[in-house]
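Colleague: Before I plan anything at the bench, could you take me through this model with care, one point at a time?

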Amino acid sequence: MLAMTSQMLDFFNATETKPEDLREKIAINGQEVLETILLNAVKRGEISNRSLPNRVKFLPFDLLRSEFAMTLQPVNSDQITELVDVVVMPLFHYYHVMRSEY
């Protein structure tokens, strides 16, 4: 982990950028994709149209980014299916059914 952190710091220093710059770029592109995914899930009746906290909304992207960063391999469809079925949908269900204040 220390070696990866060191390499990332070298990259950000060399490009005169910050980690926040990268996250913002990913979040802007990801938000459009995410909104489309959530709208389709609402249309299919998988989730309600109640809004989710941004941290919950972006968790799938954070987990995919983490998976890629730790393995340096593309995330395959089985991993995405597991992520959606085991983590994302139960969490979204929790917020839509159990946490009615959101």
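Colleague: In which helix does V97 lie?

Modeller: This is a predicted model, in which local features need pLDDT of at least 70 and side-chain atom pairs count only at pLDDT 80 or more, while totals for chains, interfaces and linings use all residues. Residues are numbered from 1 along each chain as its sequence is written, and side-chain values use heavy atoms, with hydrogens and water left out. Helices are DSSP runs of H or I with at least four residues, strands are runs of E with at least two, and both are numbered from the N terminus. On that basis, V97 lies in helix α4.

Colleague: Is V97 buried, partly exposed or exposed?

Modeller: Buried means under 20% relative accessible area, exposed means over 50%, and partly exposed is in between, with a 1.4 Å probe and protein chains only. Because its relative accessibility is 47%, V97 counts as partly exposed.

Colleague: How much accessible area does the nonpolar surface patch with V97 have together?

Modeller: A patch is made of residues with over 30% relative accessible area and no salt bridge, where like charges are joined within 9 Å and nonpolar side chains (Val, Leu, Ile, Met, Phe, Trp, Tyr) within 5 Å. The areas come from the Shrake-Rupley method with a 1.4 Å probe, and for residues only the protein chains shown count as cover. Y94, V97 and M98 form this patch, and their accessible area together is about 300 Å².

Colleague: What pattern does the protein chain follow along the sequence?

Modeller: The protein chain has 4 helices and 0 strands. Read along the sequence, these elements give the pattern α-α-α-α.

Colleague: Which element gives the largest share of the largest nonpolar core?

Modeller: A nonpolar core is a set of buried Ala, Val, Leu, Ile, Met, Phe, Trp, Tyr and Cys residues joined through side-chain atoms within 4.5 Å. The largest one has 11 residues in all, among them L34, I47, F58 and F92. The elements giving two or more residues to this core are α2 (19-43), α3 and α4, and the largest share, 4 residues, comes from α4.

Colleague: Which residue forms a salt bridge with E35?

Modeller: A salt bridge is a side-chain nitrogen of Lys or Arg within 4 Å of a carboxyl oxygen of Asp or Glu, and the structure holds 3 of them. The pair in question links distant parts of the chain, 22 residues apart, with E35 in helix α2 and its partner in helix α3. E35 is partly exposed, because its relative accessible area is 33%, whereas the partner counts as buried because its relative accessibility is 14%. With the closest N and O atoms 3.1 Å apart, the residue that pairs with E35 is K57.

Colleague: How far apart are the closest N and O atoms of R65 and D62?

Modeller: R65 and D62 are separated by about one helical turn, because they are 3 residues apart in helix α3. R65 counts as partly exposed because its relative accessibility is 29%, and D62 is partly exposed too, with a relative accessible area of 21%. In their salt bridge, the closest N and O atoms are 2.2 Å apart.

Colleague: Which helix gives the most to the negative patch?

Modeller: E67, D78, E82 and D85 form a negative surface patch, where Asp and Glu count as negative, Lys and Arg as positive, and His and the chain ends are not counted. E67 is found in helix α3 (residues 54-71). The helix that gives the most, with 3 residues, is α4 (residues 77-98).

Methods. Charge placed at Lys NZ, Arg CZ, Asp CG, Glu CD.
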